[in-house]
Amino acid sequence: MNVVLRAIGNVFWSMPKGLAVTFKHLFKKPVTLDYPHQKKPMSPRYRGLHYLERYDDGSERCVCCGLCAAACPADCIYMEPEENEKGERRARIYEINMLRCIFCGYCEEACPEEAIFLGREYEFSDYDRDSFIYTKVQMLVTSPRKDNPFKWIIRKVRRVYGVPEPSL
Ligand code: SF4
Ligand code: SF4
């Protein structure tokens, strides 16, 4: 008898109670996003895919000094230097293996030229390992990016404390 009463109670009390919870949320603003059509803006401090910055005149900031590679704990940066038509040093090859990278940001911190930054891109999944070796052509921006509001803080820290010594 008790079982029957409990079953009747479930139908007349528990089910409407559960549905009330459902209806309560039906007209609330959703907390989920319709990804990939909607994307959540990343935090300014988010460290995503790297990019190589240019000066305002369009010339490359990177002088292929190797400090970023020396500071990298994952040993994932490879570069070879060359001279441009003005005799200035720049990178002929500059590669980062994104499969090894741990996105620590040490390369960004070590760079005396403010040439390398970690951007906010996080959609760079791929199907084969070779696609994760990012080359200079892929990372070098076409015009100076001014989207990192923390650049001025990084510059100020460098002015006050100097460039950190790479740990060799
Ligand atoms: S973010 Fe860290 S691990 Fe990745 S390339 Fe820079 S220093 Fe290396
Ligand atoms: S530390 Fe900066 S200037 Fe030196 S090689 Fe790395 S990105 Fe280029």
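**Exercise 1. In which sense do strand β3 and β5 pair, and over how many bridges?**

The model is predicted.

Step 1. Strand β3 covers residues 89-97, and its pairing with β5 is antiparallel, over two bridges.

Step 2. One residue pair can be named: Asn-97 has Ile-133, in β5, as its bridge partner.

Step 3. The pair belongs to an open sheet of three strands in the order β2-β3-β5, with antiparallel pairing. β2 (77-83) and β5 (133-134) are at the edges and have a single partner strand each, so one side of each lacks a neighbour in the sheet.

**Exercise 2. Describe the secondary structure of the protein and how it is ordered along the sequence.**

Step 1. Count the elements: there are five helices and five strands.

Step 2. Place them in sequence order: the pattern is α-β-α-β-β-α-β-β-α-α.

Step 3. Look at the contacts between residues at least 6 apart in sequence: 75% of these join residues at least 24 apart.

Step 4. Add the burial: of the 168 residues in the protein, 14% are buried.

**Exercise 3. Locate Cys-64 and Phe-103, and decide whether each is buried or partly exposed.**

Step 1. Cys-64 lies in the loop between β1 and α2 (67-71). Phe-103 lies in the loop between β3 and α3 (106-110).

Step 2. Most residues other than glycine have a negative phi. Cys-64, not a glycine, has a positive phi of about 55°. Phe-103 also has a positive phi, near 55°.

Step 3. Count the surrounding C-beta atoms. Cys-64 has 21 others within 10 Å, and 20 or more count as buried, so Cys-64 is buried. Phe-103 has 15 others within 10 Å, which means that Phe-103 is partly exposed.

**Exercise 4. Find the peptide bond from Tyr-35 to Pro-36 and state whether it is cis or trans.**

Step 1. Pro-36 is in the loop between α1 (2-26) and β1 (50-52).

Step 2. Omega of the bond from Tyr-35 to Pro-36 is near 5°, and the bond is cis. As a general rule, most peptide bonds are trans.

**Exercise 5. Which residues have the most contacts inside the largest nonpolar core?**

Step 1. The core has 20 residues, and those with the most contacts inside it are Cys-62, Cys-68, Cys-107, Cys-111 and Ile-116.

Step 2. The elements giving two or more residues to this core are β1, α2, β3, α3 and β4 (116-118).

Step 3. Take Cys-111 as an example. Apart from its neighbours within four places in sequence, Cys-111 is in contact with Leu-67, Cys-68 and Ile-116.

**Exercise 6. Describe the residues around ligand 1.**

Step 1. There are 14 residues around ligand 1, and those that come nearest are Cys-72, Cys-101, Cys-104, Tyr-106 and Cys-107.

Step 2. Sort the shell by type: 13 residues are nonpolar, one is polar and none is charged.

**Exercise 7. Describe the surroundings of Lys-136.**

Step 1. Lys-136 is in helix α4, residues 136-139.

Step 2. With 18 other C-beta atoms within 10 Å, Lys-136 is partly exposed.

Step 3. Apart from its neighbours within four places in sequence, Lys-136 is in contact with Leu-52, Ala-91, Ile-93 and Tyr-94.

Step 4. Compare sequence and space: Lys-136 and Ile-96 are 40 residues apart in sequence, and their C-alpha atoms are 8.6 Å apart.

Conventions: Residues are numbered from 1 along each chain as its sequence is written. Chains are lettered from A and ligands numbered from 1 in the order in which they are written. This is a predicted model: local features need pLDDT of at least 70, side-chain atom pairs count only at pLDDT 80 or more; totals for chains, interfaces and linings use all residues. A residue is near a molecule or strand if its C-beta atom, placed from the backbone, lies within 6 Å of it. Ala, Val, Leu, Ile, Met, Phe, Trp, Tyr, Cys and Pro count as nonpolar, Asp, Glu, Lys and Arg as charged, and the others, Gly among them, as polar. Helices (H or I, at least four residues) and strands (E, at least two) are DSSP runs, numbered from the N terminus. A residue is buried if 20 or more other C-beta atoms lie within 10 Å of its own, exposed if 12 or fewer, and partly exposed in between; C-beta atoms are placed from the backbone. Two residues are in contact if their C-beta atoms, placed from the backbone, lie within 7 Å. Two strands pair if DSSP finds at least two bridges between them. A nonpolar core is a set of buried Ala, Val, Leu, Ile, Met, Phe, Trp, Tyr and Cys residues joined through C-beta atoms within 7 Å.
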